[in-house]
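Q: Could you show me how to read one helix of a model, beginning with the residue that comes just after its end?

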Amino acid sequence: MTADRPTSLVPPVLAKMATWAACLILVGVVVYFFALGIGRLSFVALPVAVALLLTALLFPLTNRLRKTGMRPIYATWITMLVALTVLVGTGWLVGARATEEFPNLVQQVQATARDVQEWLITGPLHLQQAQITGYVDEVAKMVNTQRTAITGTVLTAGAVAFEVLASIVLLLFVTFFLLKDGDRIWSWFLRGFGAMSPRVDRAGRAAWTTLSHYVQGTVAVAAVHGVIMGIVLAGMGVPLWAPLAVLIFFASFIPIVGIFFAGTIATLVTLGANGPVYALVFVGILVVEQQLENHVLQPLIVGRALNFHPLAIILVLAVGGILGGIAGAVVAVPVAAVIYRALPELRHAPPALPPAQSAEPEPGPEPGRPPALPVLPGRDPRPADTE
């Protein structure tokens with residue numbers, strides 16, 4: 001009589017749960033050490049991740065220039081120069097508008113503060129001048145208390161400037177070579193996987209398609225969002241409307257959190273410049289436009305490249321923000337989308353060959369018939385008439 005196996009003493013459901021738990025623990029350990037490695041190499045990992053996003057955005061222009069017969073090196077240089085021209089032009093526009101309109105903003109904020117102070121005294125609250133002065137003194141005291149921390153931050157910013165500059169240089173180099181030699185780099189990368197290279201190739205192509213659709217669609221949606229909000233701010237006569245529109249554009253790359261941050265700043269500027277009525281109108285327009293973006297623009301432009309639940313997006317943003325700050329939050333969602341689309345391609349077996357390309361042996365001659373003779377050049381393949 002044979003002894004029962006240990007697994008036969010455990011209910012099947014419990015055994016399956018234990019197996020899944022062991023797999024999840026193993027995956028968690030791998031992810032934990034991978035996150036530690038990324039955190040240690042954030043100086044390199046973040047510029048490379050941003051370079052991949054820029055490459056996905058700029059590659060259509062490079063590919064179109066190549067199709068006209070232009071050499072890859074020239075097509076890449078033209079693409080990089082166009083991108084730098086757009087960035088420099090946008091920065092110049094924002095800087096010029098900010099320099100021109102900032103004094104006007106200060107005057108409008110002062111006027112609004114006086115109006116609010118008068119309303120607090122003569123309005124339904126009936127506050128005393130001494131109370132308002134006490135509140136202002138408290139705010140000033142809090143700012144003075146934090147002055148040391150602010151000064152320390154400014155001093156440490158000089159030490160961080162070198163790292164930021166080095167990261168930008170690395171980002172530009174990686175973007176340039178990915179645009180120029182991306183196909184050769186991918187072919188070289190596949191050689192290290194041997195028999196697994198077809199699966200890795202399919203996973204990489206699925207990931208690249210997802211990344212391209214996500215980046216290009218997100219840029220289009222962010223551009224529409226920034227243009228509409230810029231027109232609204234300019235129509236209301238809000239100072240610094242151009243910098244605020246650019247801020248909304250860049251904040252749109254961080255789902256959910258980014259637009260909340262940029263919208264809050266734009267609302268505060270509108271409140272300080274034009275008063276609470278214009279601020280409420282701007283908030284209403286922002287909410288309506290955000291709903292149209294979520295239910296119309298995102299499904300139509302981005303499509304199914306990013307089909308995540310909002311809870312998953314929040315968790316991914318939190319992990320990315322903890323590991324890499326603002327830059328980590330920007331790249332966290334597309335990286336998660338790429339992994340989500342690439343893993344199924346790694347698990348699936350390669351597709352079977354069609355019947356016409358299968359290696360099955362050709363059927364032999366039917367019973368009772370002689371085998372066919374080879375056809376010689378210049379001979380009629382039909383048999384001669386023996387009758």
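A: Let us begin at that end, bearing in mind that this model is predicted. The residue following α6 is G237, and its phi is positive, near 75°.

Q: How many residues does α6 have, and what distance does it reach from its first C-alpha to its last?

A: α6 covers residues 197-236, which makes 40 residues, and it reaches 57 Å between its first and last C-alpha, close to the 58 Å expected at 1.5 Å a residue.

Q: Where does UniProt place the feature "transmembrane region"?

A: The unreviewed UniProt entry places this feature at several spans, among them residues 214-234 and 268-288. In the model, residues 214-234 are 100% helix and 0% strand, with end C-alpha atoms 30 Å apart. For residues 268-288 the end C-alpha atoms lie 18 Å apart, although that span is 95% helix and 0% strand.

Q: At what angle do the axes of α6 and α7 cross?

A: The axes of α6 and α7, the latter being residues 241-251, come within 8 Å and cross at roughly 155°. Because angles over 145 degrees count as roughly antiparallel, α6 and α7 are therefore roughly antiparallel to each other. The crossing in which α6 passes α7 is right-handed.

Q: Which residues in α6 meet α7?

A: A general idea helps here: an α-helix has 3.6 residues a turn, so residues three or four places apart point the same way. In α6 the residues that meet α7 include V219, A222, A223, G226, M229, G230 and L233, while on the α7 side they include W241, L244, A245, I248 and F249. By class, this contact of α6 with α7 has 11 nonpolar, 3 polar and no charged residues.

Terms used:
Residues are numbered from 1 along each chain as its sequence is written. This is a predicted model: local features need pLDDT of at least 70, side-chain atom pairs count only at pLDDT 80 or more; totals for chains, interfaces and linings use all residues. Side-chain values use heavy atoms; hydrogens and water are left out. Helices (H or I, at least four residues) and strands (E, at least two) are DSSP runs, numbered from the N terminus. The expected span of a helix is 1.5 Å times one less than its number of residues. UniProt positions are given in the numbering used here, feature names are shortened, and annotations may be inferred rather than shown by experiment. Axes are lines fitted to C-alpha atoms, for helices over the stretch in contact, and angles run from 0 to 180 degrees between N-to-C directions. Angles under 35 degrees count as roughly parallel, over 145 as roughly antiparallel, 65 to 115 as roughly perpendicular and the rest as oblique. A crossing is left-handed if the near helix is turned anticlockwise from the far one by less than a right angle, and right-handed if clockwise. Contact means heavy atoms within 4.5 Å. Ala, Val, Leu, Ile, Met, Phe, Trp, Tyr, Cys and Pro count as nonpolar, Asp, Glu, Lys and Arg as charged, and the others, Gly among them, as polar.
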